[in-house]
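Biologist: Before we discuss this entry, I should like each term to be justified against its definition. Please show the structure, and then let us proceed term by term.

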Amino acid sequence: MKYLVSVIFLASALQGIAQEKKIYLNFFSGVSSIKTHVTQIEGTGFETATLFSNAPTGISLSAELIKNTFIDISFGMHSLRNDHLKVHGIKVSRYTVEARNFGLKLKYEVNLPKSFKIIPFIGYSYSFLDQPVGTSMPFKQRSSSSFSSTVDGVLVSSSSRSVYSSTEFTRNTFSGLSLGGELAYDFKNNLGLYLAYTFFYSEQDYAVQYGEYRSTVNPTEKANTSFGKSMHIYQIGMRYNIFNY
């Protein structure tokens with residue numbers, strides 16, 4: 001009899017623990033920033049820049065493995081910059097490439113007063129670019145301007161300058177480690193709101209842009225601008241506790 005009571009008590013306790021585990025459905029969107037890296041070939045006029053684009057927008061599912069520890073699987077769409085040159089005050093920037101993103105994170109939830117939570121996480125992110133590897137944009141003129149000065153209606157000097165570029169996609173994937181955290185607030189109806197920051201690091205660039213600055217009064221300058229390596233991601237999201245298990 002004592003053995004039966006012990007079994008019933010243990011089963012009841014395990015059921016109670018299981019019911020405390022949660023599954024969240026998350027919706028998120030935001031912006032990301034990436035800093036270009038410039039390799040000078042001739043001259044020193046080309047400059048690095050911090051560029052903003054759409055961060056992954058999509059959904060994720062977070063399941064509690066053990067108390068306050070979650071595994072999160074996400075899918076989203078985002079855009080990546082592959083076209084930006086800054087040289088002697090001239091900026092050319094137009095194109096982006098779309099990508100499908102898959103992510104896996106391990107999260108730990110720390111409860112704070114008044115329904116706030118801090119959720120640090122570490123994970124891995126993998127994006128598929130909608131662009132075949134080795135694809136190149138043709139070398140062409142991107143910007144042009146001319147200047148002239150006159151004295152008493154007589155032309156005394158003139159000059160022009162222009163920027164040319166081409167881009168090559170060195171990879172059609174963009175993957176690496178992600179590290180960051182969330183600040184969440186849970187309402188009483190199982191709905192929550194959160195802000196998230198992620199630092200993403202990849203070992204390789206996904207695109208390289210070759211640029212030339214040509215001027216009638218200065219020597220031609222050349223440089224390669226690469227895109228990738230690291231990225232900062234800022235997102236806002238909503239989460240809903242769809243059920244406990």
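Modeller: The model is a predicted one. I begin with strands: a strand is a DSSP run of at least two residues, numbered from the N terminus, and two strands pair if DSSP finds at least two bridges between them.

Biologist: How do you know that E14 and E15 pair?

Modeller: DSSP must find at least two bridges between two strands; E14 and E15 are joined by 19 bridges, so the pairing criterion is met. The two run antiparallel, and a hairpin of five residues joins them. One bridge links Thr-198 with its partner in E15, Ile-233.

Biologist: What makes E13 and E14 a pair, and in which sense do they run?

Modeller: The requirement is again at least two bridges, and E13 and E14 have ten, in the antiparallel sense. They therefore count as paired strands. Ser-178 has Phe-200 of E14 as its bridge partner. Four residues lie between E13 and E14 in their hairpin, and Asn-190 in the turn has a positive phi of about 70 degrees.

Biologist: Why is the set containing Leu-80, Leu-129, Phe-174, Tyr-206 and Met-231 called a nonpolar core?

Modeller: The term requires buried residues of listed types, joined through side-chain atoms within 4.5 Å, where buried means under 20% relative accessible area. Leu, Phe, Tyr and Met are among those types, and this core has 16 residues, of which the five you name touch the most other members. Strands E8, E14 and E15 are the elements that give two or more residues to this core. Apart from it lies another core of nine residues, including Leu-85, Val-87, Val-92 and Val-163. In soluble globular proteins, nonpolar side chains tend to be buried together.

Biologist: Which residues distant in sequence are in contact with Tyr-206?

Modeller: Contact means heavy atoms within 4.5 Å. With neighbours within four places left aside, the contacts of Tyr-206 include Leu-80, Leu-129, Phe-174 and Arg-171.

Biologist: What makes a space a cavity and not a pocket?

Modeller: In a cavity a 1.4 Å probe fits but cannot get out, whereas a pocket is open. Three cavities of 30 Å³ or more are found, and the largest has a volume of about 300 Å³.

Biologist: How is the lining of the largest cavity divided by class?

Modeller: That lining has ten nonpolar, eleven polar and four charged residues. Ser-74, Asn-101, Lys-105, Thr-198 and Gln-235 lie nearest the centre. Lys counts as charged, so Lys-105 belongs to the charged class. E8 supplies the largest share, five residues.

Technical notes. Residues numbered from 1 in each chain as written. Predicted model: local features only at pLDDT ≥ 70, side-chain atom pairs only at ≥ 80, totals over all residues. Heavy atoms only, no water. Buried < 20%, exposed > 50% of the residue type's maximum accessible area, 1.4 Å probe, protein only. 1 Å grid on protein atoms, 1.4 Å probe; cavity = no way out; pocket = protein on both sides within 12 Å on 5 of 7 lines; lining within 4 Å. Points joined across faces, edges and corners; volume = space filled by probe spheres on them.
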